[in-house]
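Me: Please examine the model shown here and answer some questions on how one of its helices is placed.

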Amino acid sequence: MINWEAHACLPLHPKADFAPIDRLRGAGVNYVSINIGMDMNPVSQVMSVIAGFRATIAAQPERYVLAGSVQDIERAAANGKLAIGFDLEGAMPLLEQPEMVALYSTLGVRQMHLAYNRNNSVAGGCHDVEQGLTKLGHRVVAAINAAGVLMDCSHTGRRCSLDIMAASEQPVIFSHSNPLALVEHGRNVTDEQIRACAATGGVVCVSGVSIFLDSRTPTADDVAKHAAYVASLVGVAHVGIGLDIS
């Protein structure tokens with residue numbers, strides 16, 4: 001079995017301390033996706049962070065592997081190493097060029113979503129006026145599918161996430177989203193979204209952020225309650241963990 005942490009955060013600085021990532025390795029995680037930027041981060045910063053994180057990974061080959069395939073993850077797990085991929089939160093760093101997806105993929109970006117809470121020219125965010133997937137957004141979804149990058153709908157508006165899941169030819173995930181039925185919050189997802197995600201063959205990964213769990217000091221039991229809800233709705237094959245904490 002491969003243990004997947006679908007979304008972890010470090011300071012968006014090229015010299016960020018990887019100690020939280022090493023704790024995941026020590027806890028038995030085999031693959032982690034690390035955020036390298038959001039819609040509000042300029043491309044210059046995103047590229048600097050990617051370069052710095054890649055350098056840190058390359059400097060510790062006894063601990064880390066920059067994963068390009070499932071086989072890389074399996075080999076890393078067999079050798080006691082942590083496989084790492086990057087995720088991009090929002091389409092603005094694409095500069096309205098779907099071709100940028102393939103470039104980010106070659107640099108280690110393995111999953112991506114299209115809006116970070118607010119609307120942009122590609123997609124609608126979950127904390128903005130409802131907006132569906134735009135024409136440009138459809139081209140970006142196709143580019144994400146073609147590049148073999150995971151299509152992620154966390155932070156995306158409800159209508160837009162359903163548009164994305166209808167448009168994608170590959171499984172779609174929510175890398176760090178919790179069920180709205182348990183906690184009323186704009187970042188949490190409806191049963192309709194959860195079912196649509198599972199119908200693509202995708203996974204809803206539960207976050208450990210306190211506000212999404214309605215708990216000041218979240219425990220493993222709080223996270224498990226949300227994971228159990230998703231599992232009861234669509235089955236255990238469609239529930240995961242994306243704690244969104246460092």
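**Helix α9 and its surroundings**

Reply: In this predicted model, the face of α9 turned away from the buried side carries exposed residues. These are Asp221, Lys225 and Ser232.

Me: How far apart are the end C-alpha atoms of helix α9, and why is that distance expected?

Reply: Helix α9 comprises 15 residues, 220–234. At 1.5 Å a residue the helix should span 21 Å, so the expected span agrees with the distance between its end C-alpha atoms, 21 Å.

Me: Which residues of α9 are buried, and what arc do they cover around the axis?

Reply: The buried residues of α9 are Val223, His226, Ala227, Val230, Ala231 and Val234. They lie on the same side of α9, because the arc they cover around the axis is only 140°.

Me: Against which elements do the buried residues of α9 pack?

Reply: The packing partners include two helices and two strands. They are α7 (191–199), β8 (204–206), α8 (210–213) and β9 (239–241).

Me: What is the handedness of the crossing of α7 and α9?

Reply: The axes of α7 and α9 come within 10 Å and cross at roughly 65°. The crossing of these two helices is right-handed.

Me: How many nonpolar, polar and charged residues make the contact of α7 with α9?

Reply: From α7 come Asp191, Ile194, Arg195 and Ala198, and from α9 come Tyr229, Val230, Leu233 and Val234. By class, the contact has 6 nonpolar, no polar and 2 charged residues.

Me: Which residue follows α9, and what is the sign of its phi?

Reply: The residue after α9 is Gly235. Its phi is near 105°, hence positive.

Conventions: Residues numbered from 1 in each chain as written. Predicted model: local features only at pLDDT ≥ 70, side-chain atom pairs only at ≥ 80, totals over all residues. Heavy atoms only, no water. Helix = DSSP H or I, 4+ residues; strand = E, 2+ residues; numbered from the N terminus. Expected span 1.5 Å × (residues − 1). Buried < 20%, exposed > 50% of the residue type's maximum accessible area, 1.4 Å probe, protein only. Arc of directions from axis to C-beta. Contact = heavy atoms within 4.5 Å. Axes fitted to C-alpha atoms, helices over the stretch in contact; angles between N-to-C directions. Left-handed = near helix turned anticlockwise from the far one by under 90°. Nonpolar A, V, L, I, M, F, W, Y, C, P; charged D, E, K, R; others polar.
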